[in-house]
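Thanks for making the time this morning. I would like to walk you through a few backbone details and one chain-to-chain contact, and I will keep to what can be pointed at on the screen.

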Amino acid sequence: MRLSKALLVFRKDWREVGRNWEVLTPIALVPLLFSVVIPLIAISAPGQVNTGTSREVLIESIMRGAPAGVMEMLAGFTEDQQLTYVLLVYMFAPFFLLIPVMASSVIASDSFAGEKERKTIEALLATPLTDGELLFGKMLASFVPAMAVTILSFIAYTVVVDVGTYGLFGAPLLPTLEWFLLIFLMTPALSLASIGLTVLISSRVRGFKEAQQISVVLIIPIIGLFIGQGTGALTLGPPVILALTALLAFFDLLIFRFSVLLFKREKVLTTWK
Amino acid sequence: MSRQLSEIITEGLTKRFNSFTAVDHLSFEVGEGEIFGILGPNGAGKTTTIRMLASLLTPTEGTAYVGGFDVVDDSLKVREIVGILTENPSLYDRLTAMENMEFFAEAYGVSDRQARSKKIRELLDFFDLWHRRDDKVGTYSKGMKQKLAIARALVHDPDVLFLDEPTSGLDPRSSKDIRGLMEELSRREGQTILLCTHRLEDAERLCSRVMLINEGGMVTIGTTDELRSQIAGTPILRVRLGEVSETVVDAVRSMEGVEEVVVDGNTLSMSVKDADEVTPYVVRGVVMAGGMVQSVEVLKPSLEEIYLKLVVDEDEAE
């Protein structure tokens, strides 16, 4: 596989995505909601955030798997501080995983399926680019914007949380080790898994919307993580994040291999609307 | 294995989609520098044939070689030497003409920046699109998109060109330019062109040979003259005289190469085996028999008539 050719596909898609409001709008709005609007509500009225369970039960269940140091720190906090800390540092973490999954699945759904819909796919498939170059280029075109949006959202979230809670804590809450690991290790691995699956789906369905509808199922494991954390079954501490990242990285390799094996130009070309 | 004599060779080329046979055992050869036409109604299998030859679809049966390369085993090599104009222009509407051309030039391996820029400039100038190079293709008219798509197919100087309805959507002047370009590419650059078209006028003017296909199968193949003689037998020579006399009619009937003379007023119509050879003798014979020749005309069936006879009549017979 020639990296320069994959980068060529990436640059072309990057330009196209940058001029496609149908794709850009959800990518901009959802992160804005998660990184600015929801944390502002949580900061201004932590007691009003409906978590579906009582404060004590929520705090206790989430912190069950937290490191001992954090437990000690929480013990010295007021009830409002405890709830704010748990919500902003722990509870919202799985939500943040939705950003790269959503961004990458929107762009990746547009990859082959969008090209089919706009009837540009035949000329692309007729070029002497290999299947691997096409797939890798398309994946990069989803991965780079997804990670850029995630990192920007993380920066915005950190600023909003730290500024908004400075009065309550007298010190910045973020970033923590968990958030660093989450954003710079787990998010890329998750994003790649989501892109790999979505590109594969996108190459075998008829249009952008169909690809997007199918790729929505990728959100289910993240909701599982959220429920797991809310019920205390799983806390996103460093060991859990590292283990999930390793699992996802393995999954990424499998998906890319499968994608190359299953990618058939004829199938892509003949599955028309 | 390289086969230099013919740029395109197919043997028993077949494509089935489940139980539907789109292309049925096509065997033909196209020589280097030849403009070869594939004619047929919608759904005849023209586009599927081109897609198989461009290594976009895998044949269900049979073999095909393009530029000496097997379309299945050497698909990347085939794609490198082929330029293709697809059924749809297949251009990126959100990119400018320049961005489209740059992308495809690089994808086809035109890596030298200067050579690339020069070629793109040359093509956009030829198609009168240079002044719109920085406009998004989405703002182009259908004809402009078609021209840009042809320019894209030529950006890497391919040995073989597959053109699916190249003059579709173009005004008469642009169509004429494209036909001129195809002739030049074939004659001067030695490029082999496979042309799929509904426009019989294009095929008649450009193609050294044509293949008529219908329902995936070949109906006939040959030069337009060969096809004419297939359906009309022989050309008709029509001679208009000042006055028709029995002496003149007898003189003409007795000539070698002349068959079936019909008199209609002052006009003599006759079937001739070889119009170019027989016509001077007929004119001389008429004059020597005392006839006054006012005009001479050789009537050959047009490609349209051949097409209607061979394709439409066949469908109606079924």
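**Backbone details and the contact between the chains**

Let me begin in chain B, where B:H25 sits within strand 2, the stretch covering residues 20–31. Please keep in mind throughout that this is a predicted model. What draws my attention to B:H25 is its phi, which is near 50°, a positive value in a residue other than glycine. Most residues other than glycine have a negative phi. As to its surroundings, B:H25 counts as partly exposed because it has 15 C-beta neighbours inside 10 Å.

Chain A offers another case, A:K119, which is not a glycine and yet has a positive phi of about 60°. A:K119 belongs to the loop that runs between helix 6 (93–117) and helix 7 of chain A, and, because 17 C-beta neighbours fall inside 10 Å, A:K119 also counts as partly exposed.

Staying with chain A, the peptide bond joining A:L174 and A:P175 is cis, with omega about 0°. Most peptide bonds are trans. A:P175 itself is placed in the loop between helix 8 (131–169) and helix 9 (177–204) of chain A.

Finally, which residues bring the chains together, and how many are there on each side? In this model, 20 residues of chain A are in contact with 23 residues of chain B. On the chain A side, helix 1 (3–18), helix 7 (121–125) and helix 13 (265–270) each supply at least two residues, with helix 1 giving the largest share, 4 residues. By character, that side of chain A divides into 7 nonpolar, 4 polar and 9 charged residues.

Methods: Residues numbered from 1 in each chain as written. Chains lettered and ligands numbered in written order. Predicted model: local features only at pLDDT ≥ 70, side-chain atom pairs only at ≥ 80, totals over all residues. Contact = placed C-beta atoms within 7 Å. Nonpolar A, V, L, I, M, F, W, Y, C, P; charged D, E, K, R; others polar. Buried ≥ 20, exposed ≤ 12 C-beta atoms within 10 Å, placed from the backbone.
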